[in-house]
Amino acid sequence: CAPVPTTGGQATRLMVLMPGEALDEGNVTTGGKNLANPPSTLRAGTTYTAIINATDDSYNVDTTTSVEVNLSFNPSEQMYDDPYATAPVTTNRLIAGTTTFDVVFFIGESTSTNGPKGTRILVSASTNAVSSVESSSVSVTFAAIGSTKLQILIPEEKIAPGKPPYDSGLSGGGNGLAAGGKDQSAGASNQSAGVAFPLTVRAVDPYWNLVSTKGVNVSINSQDPIDSPDPLNFFFTGSTITYWSFLRSKSSGWKLTALDVLGNISITTSPAIAVPAGIPKKIQVLLPGEYWNEDSPTGKSGSMLEWAAGVSSKVVVNVVDEFWNVTSDQSIIQLTPNDPYSSPPQLTRQLISGTSNYNFVLKRATNTSTGVGARFFAQELQDGAPLPSSNTYSSYFTVSPGSAARLQVLPPNLSAAAGSA
């Protein structure tokens, strides 16, 4: 006998065919889909077409319905969400029970597995008579490997694949600038001088998704003029963790830059990383003419000036870390000259933010060229945890005689005592 034509019933639901899927009307077990045609793996940043059908309870397309259908990238389970996905239109009217949406996904990396990201879309009808539905999960992976760039992640930063802007990452974010591919909600990173911290370097696609198969000869550079090794060169594939330490403190921070040695992929920078001084280690004494210089092996530069006997002069005392950065230490430091006639004979001060000034009038003339000179002895007085190096001497310096002010007559049994009253 001849086949009996059948038609579907009135639409009661929507169904979504993602790229690669095929319709199998009447197959209730599979939700109207042909299991021989699973969803395709999609590439981030590429436009794909999703087909929307209105069907009866047996997944037969109802060609008589023309309701409006709305598209959303916010499915019920957040793990399948792509908040950065786009579509030229998100509302279409069904024609003969079907319509399409062009969609672009940008998250192509799972933050839990670093592999492809499972993504769904949600479609709903303008009438309650037709129930909404989520699509099958599609696997979205990174974009074509030919458009790779680098990404640096410092402590306090987390990966945010797919997050715009889709620039090269030269700004690094921070200071109010948007950072693509990063979650910086934890705030700015502070890393103490001399303390190593982890640094993640990744090869990513234009949308900040990990390109796990990409090998890169990378060079890491820093704005810190004295850290080492700088640059740091190495090879990695996909993603790696290395360690870095700054040596010079800087409250406004230093940035790190990653570049491909071969010049094939884009340069990227980190946000500025504030570097406070490290652990207080030692005392530094600066004489007139000397000034603090953390770049110097001795922590100071300049040439000492001669003191004039009887004239007040200033000495600066700092408590510094291992790399001559002035710390925030508040130690009590006593400074004593080797001039027994000095005024005052010694001076004790509590440092404020790691530094203090001491004024002395030295009275005994002395000259370093004759093998004798003046100098200061600085020592920490007990005020809690002691410094590892709790005392030090200044350099020797010359104290020149003041202008002639009197005559001195010495009988045979007396000798001169320079500087005494």
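# Exercises on a predicted structure

K33 and E21 are both buried. That pair opens a set of exercises on this predicted model; keep the structure in view as you work.

**Exercise 1. Find what holds K33 and E21 together, and say where the two residues lie.**

Step 1. Look at the closest N and O atoms of the two residues: they are 3.4 Å apart. A salt bridge needs a nitrogen and a carboxyl oxygen within 4 Å, and K33 and E21 do form one.

Step 2. Place the partners. Both K33 and E21 sit in the loop between β1 (13-17) and β2 (42-43), so their contact ties together parts that are 12 residues apart in sequence.

Step 3. Put the pair in context: the structure has 9 salt bridges by this rule.

**Exercise 2. Describe the salt bridge between R202 and E109, then decide whether each residue is buried or exposed.**

Step 1. In this salt bridge, the closest N and O atoms are 2.8 Å apart.

Step 2. R202 belongs to strand β14, while E109 is in the loop between β6 (98-104) and β7; the pair links distant parts of the chain, 93 residues apart.

Step 3. Buried means under 20% relative accessible area. R202 has 2%, so it is buried. E109 has 1%, so it is buried as well.

**Exercise 3. Work out which network the salt bridge between E134 and R120 belongs to.**

Step 1. The side chains of E134 and R120 meet at 3.3 Å, N to O.

Step 2. E134 is in strand β9 (residues 133-134) and R120 is in the loop between β7 and β8 (122-125), which puts them 14 residues apart.

Step 3. Compare each value with the cut-off for buried, under 20%. E134, at 22% relative accessible area, is partly exposed, whereas R120, at 18%, is buried.

Step 4. Now add E77: salt bridges with shared partners join E77, R120 and E134 into one network.

**Exercise 4. Put the strands β11, β14 and β17 in their sheet order and explain why one side of each edge strand has no neighbour.**

Step 1. The order is β11-β14-β17, in an open sheet of 3 strands with antiparallel pairing.

Step 2. The edges are β11 (149-153) and β17 (239-244); each has a single partner strand, so one side of each is left without a neighbour in the sheet.

Step 3. From one strand to the next, the twist averages 25°.

Step 4. Take a closer look at one pairing. Strand β14 (residues 197-204) is joined to β11 by 5 bridges in the antiparallel sense. Here L150 stands opposite A203 of β14.

**Exercise 5. Explain why β22 is largely enclosed, and find the strand it is bridged to.**

Step 1. Strand β22 covers residues 282-286, and 4 of its 5 residues are buried, so the rest of the structure largely encloses it.

Step 2. Strand β26 (residues 312-320) runs antiparallel to β22 and is joined to it by 5 bridges.

Step 3. For one of these positions, I283, the bridge partner in β26 is V319.

**Exercise 6. Track down backbone geometry that departs from the usual pattern.**

Step 1. Recall the rule: most peptide bonds are trans, and most residues other than glycine have a negative phi.

Step 2. Check two bonds. D230 and P231 are joined by a cis peptide bond with omega about 10°, and P231 is in the loop between β15 (215-222) and β16 (232-237). The bond from S343 to P344 is also cis, with omega near -5°; P344 belongs to the loop between β27 (332-337) and β28 (347-350).

Step 3. Check two phi angles. E156, in the loop between β11 and β12, has a positive phi of about 85°. W324, in the loop between β26 and β27, has a positive phi of about 70°. Neither E156 nor W324 is a glycine.

Step 4. Add accessibility: E156 is partly exposed at 41%, and W324 is buried at 17%.

**Exercise 7. Characterise the second largest pocket by its volume and lining.**

Step 1. Its volume is about 440 Å³.

Step 2. Of its 19 lining residues, Q78, M79, I107, T111 and K117 are the closest to the centre.

Step 3. The elements that contribute two or more residues to this lining are β7 (117-119) and β12 (158-159).

Step 4. Sorted by type, the lining has 9 nonpolar, 5 polar and 5 charged residues.

Conventions
Residues are numbered from 1 along each chain as its sequence is written. This is a predicted model: local features need pLDDT of at least 70, side-chain atom pairs count only at pLDDT 80 or more; totals for chains, interfaces and linings use all residues. Side-chain values use heavy atoms; hydrogens and water are left out. On a 1 Å grid over the protein atoms alone, a cavity is a set of points where a 1.4 Å probe fits but cannot get out, and a pocket is an open set with protein on both sides within 12 Å along at least five of seven lines; lining residues have an atom within 4 Å of a point. Grid points are joined across faces, edges and corners, and a volume is the space filled by probe spheres set on the points. Helices (H or I, at least four residues) and strands (E, at least two) are DSSP runs, numbered from the N terminus. Ala, Val, Leu, Ile, Met, Phe, Trp, Tyr, Cys and Pro count as nonpolar, Asp, Glu, Lys and Arg as charged, and the others, Gly among them, as polar. Buried means under 20% relative accessible area, exposed over 50%, partly exposed in between (1.4 Å probe, protein chains only). Two strands pair if DSSP finds at least two bridges between them. Axes are lines fitted to C-alpha atoms, for helices over the stretch in contact, and angles run from 0 to 180 degrees between N-to-C directions.
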